[in-house]
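Here are a few exercises to work through with the model open on your screen. Try each one yourself before reading its solution.

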Amino acid sequence: MDKPWLSRYPEDVPETIDPDAYPSLVEMFENSVRNYADQPAFMNMGALMTYRKLEERSRAFAAYLQNELKLKKGDRVAIMMPNLLQYPIALFGVLRAGLIAVNVNPLYTPRELQHQLSDSGAETIVIVSNFASTLEQIVEDTPVKNVVLTSLGQLLPTAKGTVVDFVVKYVKGMVPKYDLPGAISFKKALQKGRRLQYVKPFMSGEDIAFLQYTGGTTGVAKGAVLTHRNMVANVMQAKAHYAPVLRPGKELVVTALPLYHVFALTVNCLLFIEMGARNLMITNPRDIPGFVKELSKYPFTAITGVNTLFNGLLNNEDFHELNFSNLNLTVGGGMAVQRSVAERWKKATGVQLIEGYGLTECSPLVAACPYDLGEYNGSIGVPVASTDVRIIDDEGNPIANTEIGELQVRGPQVMQGYWNRQEASKEVINEQGWLSTGDIVKFDDEGFLHIVDRKKDMILVSGFNVYPNEIEDVVALHGKVLEVAAIGVPNDASGELVKICVVKRDPSLTKEDLIDHCREHLTGYKVPKLIEFFEELPKTNVGKILRREIREAELKKLKQEA
């Protein structure tokens, strides 16, 4: 197979990795505990937890799950919480007990939560009290029998934890009333677990580690079946790609993306656990001033995020006063990194914002820019080690790397399929193990891979393909634009018109300014014909702009006007 990207690998980045470097994530975790026992593992709201303490607490939780709740290997446990010290304890407790972790977005509606709990068959859930009222509404319609309940301040030092919980519940009103009879305190579960015997089950790489649910943007949310081998492989792939700029036992990574999100799960949690790093967890990254204040306290060396997060930081004056002398790795994923954001980030921090690309079905990392890229080039870099990619046409036939088509991926990080959905699995993974991503891509002359767009997001104007990413990238270059989303709007004459939805950075921005700007950078049929200004754009909990939601609202509005 022709692999034009290999020529872009730095000399110290291997072309292959060993997906069986550890028999399971549990062995990987135990190895780090041995090597870094008394070093800080996780920090959150001023509290610190060492690798040794994480091992003790996760072992106690595993023992509780095995003995008190009588869970057996392969049972599913849902974890529904933001970035708190409780998350890694629950996660590694679940994995060490031989169970399957089901990550749940805390902001789910009752309907979404019911679907995921029922679809996964999870009989146990670990949840923060802020979201307990959501669970109460649907718990009787799910398989859930065991509810382990915690609060934002439960594992903080007593005085601080009491204050945090009081403020969150009574001052900010962030804990709606709920009634969950029989729920047990997470803290009490750990206390009980310490007195119980933990028995390490036999685990192989083929055992399932996670049911990681997709966002459901292509229909009902489905659980990607990710084995221990899938996850170990992806950790090793990420390590091979980024290791030359990382020092074992010396890194401090900022985790603003929630750990229930697969990008943060693999890169921030698992990779940096493997490397013995300190992990600074940010519970509420939307509070940019508070986030920046937290960053000012630590000599952070690595940070990951999505484009909107980096953009938010760059628009905060205090962020520019931080000390970036220790920073050596910035990784953007989850959505396209815009040129304007990448260039401003490098100017502010002195460090290149490296774009990575992945999807839940691939654990998630598929490709990333080399650490020595130097300048933003609009690509998602090169496929990571031991990963094959190819481009196919609309009929599913492989085409030349120089042509535009759908990306397919094959490698040890590719999921086993969707949980209990054989037909849906066959639709995306063929008999040769190639996973169809739904992303339209091309290679440039230097061997870098470029995402042109999602299949379903493409706008068709008078027979010409228009890709929203390109429009958004150009509009974002305008200095008075804060955020932008491009969608296609039905039109009798041309099939579709390009519409941009814009949040202003400068109130003086006009529609005419944007049209003139776009005409300067885009060919005629790509120039937006419709412009609407918004106070804010709808986003997922990790900050990804929801084009689909904007498009659906537009269609609804058009129907009402018709």
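Contact here means heavy atoms within 4.5 Å. Keep in mind that this is a predicted model.

**Exercise 1. Find which residues of helix 12 are buried, and what covers them.**

Step 1. Go to helix 12, residues 339-349. The cut-off you need is that buried means under 20% relative accessible area.

Step 2. The buried residues here are S340, V341, A342, W345 and T349.

Step 3. Now look at what sits over them: the cover includes strand 12 (302-305), helix 11 (307-314) and strand 13 (329-332), along with strand 14 (353-358) and helix 14.

Step 4. Just past the helix comes G350, and its phi is positive, near 80°.

**Exercise 2. Work out the strand order of the sheet made by strands 24, 25 and 26, and say why two of them have a free side.**

Step 1. The sheet is open, its order is 24-25-26, and the pairing is mixed.

Step 2. Strand 24 (481-491) and strand 26 (530-533) are the edge strands; each has a single partner strand, so one side of each has no neighbour in the sheet. On average, neighbouring strands are turned by 25° against each other, direction ignored.

Step 3. Zoom in on one pair. Strand 24 runs antiparallel to strand 25 (residues 495-504), with 10 bridges between them. In this region P490 faces E496 of strand 25.

Step 4. Add the helices. Helix 14 (residues 468-476) lies across strands 24 and 25, at about 140° to strand 24. Helix 15 (residues 511-521) lies across strands 24, 25 and 26, at about 135° to strand 26.

**Exercise 3. Pick out the salt bridge of E532 and classify both partners as buried or partly exposed.**

Step 1. The partner of E532 is K499, with the closest N and O atoms 2.6 Å apart.

Step 2. E532 sits in strand 26 and K499 in strand 25, so this pair ties together parts 33 residues apart in sequence.

Step 3. K499 has 5% relative accessibility, so call it buried. E532 comes out at 23%, so it is partly exposed.

**Exercise 4. Find what the salt bridges of E30 and R421 connect.**

Step 1. The whole structure has 28 salt bridges. In one of them, the side chains of E30 and K200 meet at 2.9 Å, N to O.

Step 2. E30 belongs to helix 1 (residues 25-36), while K200 is in the loop between helix 7 (186-194) and strand 8 (208-213), so the pair ties together parts 170 residues apart in sequence. E30 is buried at 18%, and K200 is partly exposed at 36%.

Step 3. R421 pairs with D119 at 2.8 Å, N to O. That links the loop between strand 19 (405-410) and helix 13 (422-428) to helix 4, 302 residues away in the chain.

Step 4. Check the cover: R421 is partly exposed at 24%, whereas D119 is buried at 16%.

**Exercise 5. Track down the nonpolar surface patch that includes Y170.**

Step 1. Start with Y170, which lies in helix 6 (residues 158-171). Its relative accessibility is 57%, so Y170 counts as exposed.

Step 2. Y170 shares the patch with F166 and V171, and together they have about 370 Å² of accessible area.

Definitions and conventions: Residues are numbered from 1 along each chain as its sequence is written. This is a predicted model: local features need pLDDT of at least 70, side-chain atom pairs count only at pLDDT 80 or more; totals for chains, interfaces and linings use all residues. Side-chain values use heavy atoms; hydrogens and water are left out. Two strands pair if DSSP finds at least two bridges between them. Helices (H or I, at least four residues) and strands (E, at least two) are DSSP runs, numbered from the N terminus. Axes are lines fitted to C-alpha atoms, for helices over the stretch in contact, and angles run from 0 to 180 degrees between N-to-C directions. Patches are made of residues with over 30% relative accessible area and no salt bridge: like charges are joined within 9 Å, nonpolar side chains (Val, Leu, Ile, Met, Phe, Trp, Tyr) within 5 Å. Accessible areas come from the Shrake-Rupley method with a 1.4 Å probe; for residues, only the protein chains shown count as cover. A salt bridge is a side-chain nitrogen of Lys or Arg within 4 Å of a carboxyl oxygen of Asp or Glu. Buried means under 20% relative accessible area, exposed over 50%, partly exposed in between (1.4 Å probe, protein chains only).
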